[in-house]
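Biologist: Could you walk me through this model, one question at a time? I would like to hear how the charged and the nonpolar side chains are arranged.

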Amino acid sequence: MNYFDGLNLKRGGRGKTPPVFSIGLILFALLAARCASGQVAESANMGGHSVWIGTGVSGYYLGYGSVKNLGVTGYINADSIRRLGFEGEGRWLQFHETNDISADTYLGGPRYHFNFGRYQPYVKGLAGLGLFNFTYNYAHGSYFVVAPGGGVDYRLGPRWSVRVDGEYQYWPQFTFGAMSSGGVTVGVRYLILR
């Protein structure tokens with residue numbers, strides 16, 4: 001006679017295990033298997049999260065009026081162990097203006113990087129808001145902007161890097177038809193979180 005014979009759980013003359021006990025045993029086995037999963041991270045994935053902030057000087061060609069503007073750029077990079085990260089940037093092209101034409105952009109999107117010694121080449125695909133100031137301040141407009149780009153960061157030390165970045169901007173809903181712009185930013189970045 002076993003333990004369950006005394007519980008009076010007979011159907012058709014045979015003793016059955018209570019369903020609560022069976023379900024509990026299955027749940028315990030699943031939990032035990034989950035807790036026993038990998039306890040050590042693979043060495044290739046160790047220490048890969050980082051957050052960088054940076055700034056730079058930008059030179060851009062604007063398609064409207066064929067003007068060249070200078071400006072400043074600020075950005076933040078949040079990188080993961082899998083080389084995929086996020087970049088957010090703000091760019092203010094308000095220096096060396098021609099006829100008061102200027103453009104500001106606030107963009108964000110994915111960034112994919114590689115590591116080759118001190119060099120870290122990357123590609124990015126950003127999108128966001130573009131603010132445009134027309135000739136002689138006659139009008140202002142807000143537009144959607146798509147901006148693929150890429151560049152390279154060169155490590156100077158454990159926390160500092162120098163950056164050269166190129167970006168092509170496409171303004172598909174610009175007032176006088178789609179507009180393109182593009183330029184280069186040169187600057188530095190600093191590691192704030194690892």
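Modeller: Happily, and let us settle a word before we start: a residue is buried at under 20% relative accessible area, exposed at over 50%, and partly exposed in between, using a 1.4 Å probe and protein chains only. This is a predicted model, in which local features need pLDDT of at least 70 and side-chain atom pairs count only at pLDDT 80 or more, while totals for chains, interfaces and linings use all residues. Residues are numbered from 1 along each chain as its sequence is written, and side-chain values use heavy atoms, with hydrogens and water left out.

Biologist: Thanks! How many strands does the protein have?

Modeller: Helices (H or I, at least four residues) and strands (E, at least two) are DSSP runs numbered from the N terminus. The order of the elements from that end is β-β-α-β-β-β-β-β-β-β-β. Next to one helix, the count of strands is 10.

Biologist: What share of the residues is buried?

Modeller: The exposed surface comes to about 11,700 Å², with 64% of it supplied by carbon and sulfur atoms; such areas come from the Shrake-Rupley method with a 1.4 Å probe, and for residues only the protein chains shown count as cover. The protein has 194 residues, and the share of them that counts as buried is 32%.

Biologist: Now the charges. How many salt bridges does the structure hold?

Modeller: Side chains of opposite charge can pair when their charged atoms come close. A salt bridge here is a side-chain nitrogen of Lys or Arg within 4 Å of a carboxyl oxygen of Asp or Glu. By that rule, the number in the structure is 12.

Biologist: Lys 124 forms a salt bridge with Glu 87, so how far apart are the closest N and O atoms?

Modeller: For Lys 124 and Glu 87, the closest N and O atoms lie at a separation of 3.2 Å. Because Lys 124 sits in strand E7 (residues 119-133) and Glu 87 in strand E5 (residues 84-95), the pair ties together parts 37 residues apart in sequence. Both partners are buried, Lys 124 with a relative accessible area of 6% and Glu 87 with 1%. The N to O distance you asked for is 3.2 Å.

Biologist: Lys 124 also forms a salt bridge with a residue whose closest O atom is 3.2 Å away; which residue is it?

Modeller: This partner lies in strand E5, 35 residues from Lys 124 in sequence. Its relative accessibility of 6% makes it buried. The residue is Glu 89.

Biologist: Which residue meets Asp 153 in a salt bridge?

Modeller: The N to O distance in this pair is 3.1 Å. Asp 153 is in strand E8 (residues 140-155) and its partner is in strand E6 (residues 102-113), 42 residues apart. Asp 153 is buried at 0% relative accessibility, and the partner is buried at 0% too. That partner is Arg 111.

Biologist: Arg 91 is in the network of salt bridges as well. Which side chain makes a polar contact with the side chain of Arg 91?

Modeller: Arg 91 lies in strand E5 and is buried, with a relative accessible area of 1%. A polar contact is a pair of N or O atoms within 3.5 Å; within protein, one must be able to donate a hydrogen and the other to accept it, and residues adjacent in sequence count only if both atoms are side-chain atoms. At 3.1 Å, the side chain that fits is that of Tyr 60.

Biologist: On to the nonpolar side: which strand gives the most residues to the largest nonpolar core?

Modeller: A nonpolar core is a set of buried Ala, Val, Leu, Ile, Met, Phe, Trp, Tyr and Cys residues joined through side-chain atoms within 4.5 Å. The largest one has 16 residues, and Leu 62, Phe 132, Tyr 143, Trp 171 and Phe 174 touch the most other members. Strand E3 (50-62), E6, E7 and E8 each give two or more residues to this core. With three residues, the strand giving the most is E8.

Biologist: And how much accessible area does the nonpolar surface patch with Leu 84 have together?

Modeller: Patches are made of residues with over 30% relative accessible area and no salt bridge, with like charges joined within 9 Å and nonpolar side chains (Val, Leu, Ile, Met, Phe, Trp, Tyr) within 5 Å. Leu 84 lies in strand E5 and is partly exposed at 48%. Along with Tyr 112, Phe 114, Phe 116, Tyr 119 and Val 123, Leu 84 forms a patch whose accessible area is about 590 Å².
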